[in-house]
Amino acid sequence: MAAAAVQTNSESDEVDKLFSRFMCEVKEIEKRDSVLTGPQQIERLTRPGSSYFNLNPYEVLQIPTDAKEEVIRKQYRKLSFLVHPDKNREDSDRAQKAFEAVSNAHQLLLDNDKMKKVHEILEEAQAMVKANLKEKKKQARKEGKEKIEEEEDPDKLSKLVHSTTVKLFADYEIKRRAQEEKDTELRKRQREQEIAEEEATKKKKEWEKQWEESRTNRVDSWRTFQAGGKKKKEKKGRTAFKPPALRPEKR
């Protein structure tokens with residue numbers, strides 16, 4: 001048991017070191033790519049699959065995940081200037097999409113709640129990759145191998161981290177949109193019910209108003225009817241008595 005625990009800790013340390021080296025390389029890549037020209041940035045932000053790649057605001061802005069607000073704003077101003085449609089009139093449609101991606105990333109990172117969710121996704125992706133690497137290390141030792149392919153080929157580790165991160169962001173976005181559609185449908189039904197209730201209340205008030213307005217006419221009609229009945233009775237009561245007509249006696 002103790003030996004197994006030591007081996008597990010050793011694998012964990014190796015994975016952590018591997019991941020640390022990878023993150024250093026990522027920062028170097030971000031630094032290198034940060035000097036891309038406007039057209040190159042537009043190409044990067046509108047490449048196939050960008051609708052999912054651009055869900056990670058740090059990747060869009062090419063800044064580290066621990067970047068301060070000042071760095072975020074500075075990089076946003078730089079990129080938004082490079083990809084602005086007015087600066088790239090020959091490719092204005094794609095420039096507009098790139099500009100929107102940069103603006104969305106900037107706004108997202110200025111929202112504390114949304115930024116917190118971004119970090120949760122990034123941490124989950126990192127944990128998943130580390131668990132994957134540990135499992136591969138364990139399997140490699142069983143097969144008598146000293147290293148796994150991600151240690152020998154940094155590009156494979158980069159692809160693993162990137163694909164895992166993109167997938168998590170995509171899954172979250174799909175769930176978010178589904179929930180948004182549910183909420184929209186619920187609000188729609190609630191509004192329809194409110195409108196129906198408002199219409200029913202309106203009709204009831206109109207009916208009550210008409211009933212009240214016609215009350216005087218109904219009372220007057222009834223009084224007229226009552227008065228007419230009394231006059232007929234009085235007239236009938238005053239009629240003189242008429243004796244029956246005499247018939248001639250038959251002989």
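**Helix crossings, a core and a tryptophan pair**

The largest nonpolar core here has 22 residues, and Leu61, Ile63 and Val102 have the most contacts inside it. This is a predicted model, in which local features need pLDDT of at least 70, side-chain atom pairs count only at pLDDT 80 or more, and totals for chains, interfaces and linings use all residues. Residues are numbered from 1 along each chain as its sequence is written, and side-chain values use heavy atoms, with hydrogens and water left out.

Q: What makes a set of residues a nonpolar core?
A: The members are buried (under 20% relative accessible area, 1.4 Å probe, protein chains only) and are Ala, Val, Leu, Ile, Met, Phe, Trp, Tyr or Cys, joined through side-chain atoms within 4.5 Å. The largest such set has 22 residues.

Q: Which elements give two or more residues to this core?
A: They are α2, α4 (57-61), α5 (69-83), α6, α7 (112-142) and α9. Helix α6 gives the most, with 5 residues. Helices here are DSSP runs of H or I with at least four residues, numbered from the N terminus.

Q: Why is α2 called roughly perpendicular to α6?
A: The axes of α2 (residues 38-45) and α6 (residues 92-110) come within 9 Å and cross at roughly 75°. Angles of 65 to 115 degrees count as roughly perpendicular, so α2 and α6 earn that name. Ile42, Glu43 and Leu45 of α2 meet Arg94, Ala95, Ala98 and Val102 of α6, where contact means heavy atoms within 4.5 Å. By class, this contact has 5 nonpolar, no polar and 2 charged residues.

Q: How do you know that α2 is also roughly perpendicular to α5?
A: Their axes are 8 Å apart and the packing angle is about 100°, so the roughly perpendicular label applies to α2 and α5. Gly38, Gln41, Ile42, Arg44 and Leu45 of α2 touch Leu79, Leu82 and Val83 of α5. This contact divides into 5 nonpolar, 2 polar and 1 charged.

Q: Why is the pair of tryptophan 207 and tryptophan 211 called stacked?
A: Rings pair if their centres lie within 6.5 Å, and planes under 30 degrees apart count as stacked. The centres of these two rings are 5.7 Å apart and their planes are at 10°, so the pair is stacked. The count by this rule is 1 aromatic pair. Tryptophan 207 and tryptophan 211 are 4 residues apart in α9 (residues 154-213), separated by about one helical turn.

Q: What makes tryptophan 207 exposed?
A: Exposed means over 50% relative accessible area, and tryptophan 207 has 53%, so it counts as exposed. Tryptophan 211 has 44% and is partly exposed, the class between buried and exposed.

Notes. Axes fitted to C-alpha atoms, helices over the stretch in contact; angles between N-to-C directions. Parallel < 35°, antiparallel > 145°, perpendicular 65-115°, else oblique. Nonpolar A, V, L, I, M, F, W, Y, C, P; charged D, E, K, R; others polar. Phe/Tyr/Trp six-rings, centres within 6.5 Å; stacked < 30°, edge-to-face > 60°.
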